[in-house]
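Colleague: I'm new to this one, so could you walk me through it? Maybe start with the empty spaces inside.

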Amino acid sequence: MTIPNRNINFPTAIKFGNGRIKELAELCTANGIKRPLFVTDPGLAGMPMVKAILDDLKAAGLGVALFSDVRPNPVESNIHAGNKAFRAGKHDGVIAFGGGSGLDVGKLIALMHGQKISVFDLEDIGDWWTRADAAKIAPIIAVPTTAGTGSEVGRAGVVTHPETHEKKIIFHPAIMPKVALLDPELSAGLPPKLTAATGMDALAHCLEAYCAPFYHPLAKGVALEGMALIKDNLAKAVKKGQDLDARGNMLVASSMGATAFQRGLGAIHALSHPFGGLYDAHHGLLNGIVMPYVLKANRKKIEKDIERAAAYLGIKGGFNGFLKWILSLRKEVGIPHKLADIGIDAKRLDEVAKMAIKDPSAGGNPIPFSEKQYKALAKKCVTGDL
């Protein structure tokens, strides 16, 4: 038998639909949460919709408190501050609300508030997750307001190491949210640029999962349909933010991308992680810029798969047609063509390459690029040499 042994997992319970944020208090109670810590980013914390949600939770008798010390690229100090708030408020669960940063920090607070080890001791390496005291991990309800990371259905969070500036993936099975609440109305006010950047993150997840070399046909199918939803809806969501059908389909596609990437990621993420850590740039935007360069670099290994994807998506021209579609979509939604367009230079390419080859995502790339190849590829992403 040539089919390898594989562990197959799919996501938490998903509650999808317009207006379902009104069910949040009920979902907390159903999952044993009486005093939730509501974790989000500073921008969302001051918005009327957050105040309305907090008022609803308080009216339902829940002892909720707000925590918003969350950076766009989360750092360890965000988690320490959240742990302090969790313990001070005697909280018993977390509502992780917002984009990838709010979701990840919320999940990592739920993981770390009762631990006696560093968050970096739980990096996604081997069985390091067993170092945590699982009994001390608080239940999580995740509410995404962007369609990108898919962290609401994941068992990991990303945090930047303070010394190396590497983005570290922290993993534990118990930080899979008990419920993911996907309400398109919550994403309707997301600005076009952020809609585009987060949408390209979702596309990167689906594309890399689809192209990864590992055996996982379920995830491959999910990734393919996720790409189809993005193709049909991302530009609509960018141009008409109040289109709730487009917003809803993008939320689902985002969750699908994060479901699928248990099959693997690749050099898009292996490069965007170090560029993000070194330059504090938006992760989804980096993925969108880097995408066509990595796609082309992997051509000899993925051409047949991309031809099949192109046919499914109704794109003519096989691999070349698919690449042309990526470039056209980026232009349509306002993603720059090269990293230099967002102020990233070529001065730190050696660091980027060293970090990229060590990044966990690199293991899923169809071609095992060397450090030299990563440096050359990173340079093309900076200069726009496609």
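Modeller: Sure. First, a term: a cavity is a set of grid points where a 1.4 Å probe fits but cannot get out. Also keep in mind that this is a predicted model.

Colleague: How many cavities of 30 Å³ or more does a search of the whole structure find?

Modeller: The search finds two cavities of that kind. The largest cavity holds about 90 Å³ of space. It is lined by 14 residues, and the closest to its centre are Leu207, Glu208, Cys211, Val294 and Asn298.

Colleague: Which elements give two or more residues to that lining?

Modeller: Those are helix H6 (192-211) and helix H10. By class, the lining of the largest cavity has ten nonpolar residues, three polar and one charged.

Colleague: And the second largest cavity, what's its volume?

Modeller: The second largest cavity has about 70 Å³ of space. Among the residues lining it are Thr145, Thr146, Ser187, Thr195, Arg247 and Met250. H6 turns up here as well, with helix H8 (244-260), as the elements that give two or more residues to this lining. The lining of the second largest cavity has five nonpolar, six polar and one charged residues.

Colleague: OK, now something open. What about the second largest pocket, how much volume does it have?

Modeller: That pocket has a volume of about 210 Å³. Helix H10 (283-297) and helix H14 (371-383) are the elements that give two or more residues to its lining. H14 has the largest share of the lining, with four residues.

Colleague: Which residues should I click on to find it?

Modeller: Try Tyr293, Phe369, Gln373, Lys380 and Asp385, which are among the residues that line the second largest pocket. By class, the lining has six nonpolar, one polar and three charged residues.

Colleague: Switching to charges. How many salt bridges are there in the whole structure?

Modeller: A search finds 16 salt bridges. One of the pairs is Lys220 with Asp305, at 3.1 Å from N to O. This pair links distant parts of the chain: Lys220 is in helix H7 (residues 217-239), Asp305 is in helix H11, and 85 residues separate them.

Colleague: Are those two buried or exposed?

Modeller: Lys220 and Asp305 are both buried.

Colleague: What about Arg20, which residue does it pair with?

Modeller: Arg20 forms a salt bridge with Glu23, where the closest N and O atoms are 2.9 Å apart. Arg20 counts as partly exposed because its relative accessibility is 25%, and Glu23 counts as partly exposed at 26%. There's also Asp341 with Lys338, a salt bridge at 3.0 Å from N to O. In that pair Asp341 is partly exposed at 41% relative accessibility, and Lys338 is partly exposed at 25%.

Colleague: Which residues are linked in a network of salt bridges?

Modeller: Glu123, Glu166, Lys168 and Lys358 are linked that way. Glu166 lies in the loop between strand E6 (156-160) and strand E7 (167-171).

Colleague: Why does Glu166 count as buried?

Modeller: Its relative accessibility is 12%, and buried means under 20%. Glu166 is also 9.3 Å from Phe275, C-alpha to C-alpha, though the two are 109 residues apart in sequence.

Colleague: Got a pair that's separated in space too? What's the distance between Gly314 and Pro74?

Modeller: Their C-alpha atoms are separated by 38 Å, with the two positions 240 residues apart along the chain. Gly314 is in the loop between helix H11 (299-313) and helix H12 (318-333). Gly314 is exposed, with a relative accessible area of 58%.

Colleague: Anything to look at in the backbone?

Modeller: Most residues other than glycine have a negative phi. Lys90 is not a glycine, yet has a positive phi of about 50°. Lys90 is in the loop between helix H4 (76-88) and strand E4 (93-98), and counts as exposed at 69% relative accessibility. Asp280 is another non-glycine with a positive phi, about 55°. Asp280 lies in the loop between helix H9 (267-279) and H10, and is partly exposed at 44%.

Colleague: Last one, back to the surface. Which residues make the nonpolar surface patch of about 250 Å²?

Modeller: Ile8, Phe10 and Leu218 make that patch. Phe10 sits in the segment before strand E1 (13-16), and is partly exposed, with a relative accessible area of 33%.

How values were computed: Residues are numbered from 1 along each chain as its sequence is written. This is a predicted model: local features need pLDDT of at least 70, side-chain atom pairs count only at pLDDT 80 or more; totals for chains, interfaces and linings use all residues. Side-chain values use heavy atoms; hydrogens and water are left out. Patches are made of residues with over 30% relative accessible area and no salt bridge: like charges are joined within 9 Å, nonpolar side chains (Val, Leu, Ile, Met, Phe, Trp, Tyr) within 5 Å. Accessible areas come from the Shrake-Rupley method with a 1.4 Å probe; for residues, only the protein chains shown count as cover. A salt bridge is a side-chain nitrogen of Lys or Arg within 4 Å of a carboxyl oxygen of Asp or Glu. Buried means under 20% relative accessible area, exposed over 50%, partly exposed in between (1.4 Å probe, protein chains only). On a 1 Å grid over the protein atoms alone, a cavity is a set of points where a 1.4 Å probe fits but cannot get out, and a pocket is an open set with protein on both sides within 12 Å along at least five of seven lines; lining residues have an atom within 4 Å of a point. Grid points are joined across faces, edges and corners, and a volume is the space filled by probe spheres set on the points. Ala, Val, Leu, Ile, Met, Phe, Trp, Tyr, Cys and Pro count as nonpolar, Asp, Glu, Lys and Arg as charged, and the others, Gly among them, as polar.
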